[in-house]
Amino acid sequence: MAATYKPVLWNKHKRFYDVVIGLGIGLYLAIFVAVGMATADSANTSIEILAISALGACSFFMLHIVLAIGPLARLSTKFLPLLYNRRHLGVSLFIVAAAHATFATIWYHGFGVLNPLVSLFVSNPRYSAIAAFPFESLGAFALVILFLMAATSHDFWLNNLSPAVWKTLHMLIYPAYGAVVLHVLLGAASGHGGSRLYVWAVAVGFAVITGLHLTAAAVQAGRDRRTRAKTPAADWIDAGLVDTIPERRARIVLTPSGTQIALFRYDGKVSAVSNVCAHQMGPLGEGCIIDGLVTCPWHGWQYDPTTGRSPPPYTERVDTFSIRIETGRIFVNPKPNAKGAPTMPAAVG
Ligand code: HEM
Ligand code: FES
């Protein structure tokens, strides 16, 4: 656990990202409505429908950014700040999507005899049609998932949900994405939105997100293969040149048995700890050293790199591994040391 680092509280970086997110949303909506008003056929488009479209398109765009951050951070450490701050982006995404859903429900279902929320689900029962499918129900399904993710991003839930529940909840972002894709495509088929343009935008977005995930998976598989190839089973693992690890950052290596080890370079030393955070299994090797402690990129739990122990008063522990450095190369013993036992860091020559 972190004694000093509080990623969830407001700090300078979080405020900066929040301002960027807020300005980005404002700019997107303003440009969308301005272009829409300049180009729309005034007989068929009202400012209300334009606002519903702008909020829907903005939230869909933000959903793409949320989905792209994971693979981008795996491809380059430059994107790690986005990874650290993606919780705020997720909550903002939910707020914009909820505004879109609320306005759409009021505009299309608010003027009849039925309660708008009842009307949303019962007014169109043609689930077997394509051109007249009740596409709004798919949007509602996605919105419920986005709500669950936004609501449980608070620290209370982070500390009380088990890793398995947490992981499952976050994997639901993919069904949510699928539902929004169908929501937009079936909406366009029913004559809503900008039809052909939306279909193209969805196709390009899908290609980018799929491409990024496949590339990140291929690059990771290549890294794992190279590590395995250099590794005679149960022997010390050649973890590469020490100079290629940036100061206060880590390299992740994979043992033949599949254990992930994070090698941190800091203050002229290298230490090896498990890559798996004791909190929610976050990737410690994608974090950095802050105040002399390994700091998890997900929620900021911290560990002493030489013992794997969280600083007092916390009691969590992760495995540590013995290492040695020979002619600038790091060798790590894949067998973990006794939990919490001091492990000598290796001096960088
Ligand atoms: C209860 C939930 C939802 C309802 C009732 C709803 C309703 C609608 C309606 C009526 C339209 C067509 C607007 C028009 O007439 O042009 C639409 C389009 C759209 N929605 Fe939703 N939606 C919901 C959730 C979502 C969510 C969660 C997202 C994305 C995260 C989203 C993204 C979009 C997009 C990108 C469009 C296309 C823009 C357009 O057609 O104008 N919607 N939605
Ligand atoms: S701090 Fe939550 S997973 Fe590491």
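**Ligand 1 and the core in a predicted model**

Q: In this predicted model, which residue has an N or O atom in its side chain 2.4 Å from an oxygen atom of ligand 1?
A: Five of the 25 residues around ligand 1 come nearest, namely S53, H100, Y108, H183 and H192. From Y108, a polar side-chain atom lies 2.3 Å from an oxygen atom of the ligand, and from H183, a side-chain N or O atom is 2.8 Å from a nitrogen atom of the ligand. The residue at 2.4 Å from an oxygen atom of ligand 1 is S53.

Q: Which residues coordinate the iron atom of ligand 1, and how many residues apart in sequence are the parts that the pair ties together?
A: The iron atom is held through the NE2 atoms of H100 and H183, at 2.0 Å. H100 lies in helix 4 (residues 86–109) whereas H183 lies in helix 9 (residues 173–189), so the pair ties together parts of the chain whose separation in sequence is 83 residues.

Q: What is the geometry of the site of the iron atom of ligand 1?
A: Ideal angles for six octahedral donors are 90 or 180 degrees. At this iron atom, the angles among the six donor atoms run from 87 to 179°, and the site is therefore, by the limits used for such angles, octahedral.

Q: Which helix gives the most to the largest nonpolar core?
A: This core has 35 residues, and F60, M62, L63, L146 and Y177 touch the most other members. Several helices each supply at least two of its residues, including helix 1 (12–39), helix 2 (47–75) and helix 10 (196–229). With ten residues, the helix that gives the most is helix 2.

How values were computed. Residues numbered from 1 in each chain as written. Chains lettered and ligands numbered in written order. Predicted model: local features only at pLDDT ≥ 70, side-chain atom pairs only at ≥ 80, totals over all residues. Heavy atoms only, no water. Donors = N, O, S within 2.8 Å, 3.2 Å for Na, K, Ca; no water. Tetrahedral: all angles 85-135°; square planar, octahedral: opposite > 155°, others 65-115°. Helix = DSSP H or I, 4+ residues; strand = E, 2+ residues; numbered from the N terminus. Core = buried A, V, L, I, M, F, W, Y, C linked by side-chain atoms within 4.5 Å. Buried < 20%, exposed > 50% of the residue type's maximum accessible area, 1.4 Å probe, protein only. Near = heavy atom within 4 Å. Polar contact = N/O pair within 3.5 Å; in protein donor to acceptor, adjacent residues only side chain to side chain.
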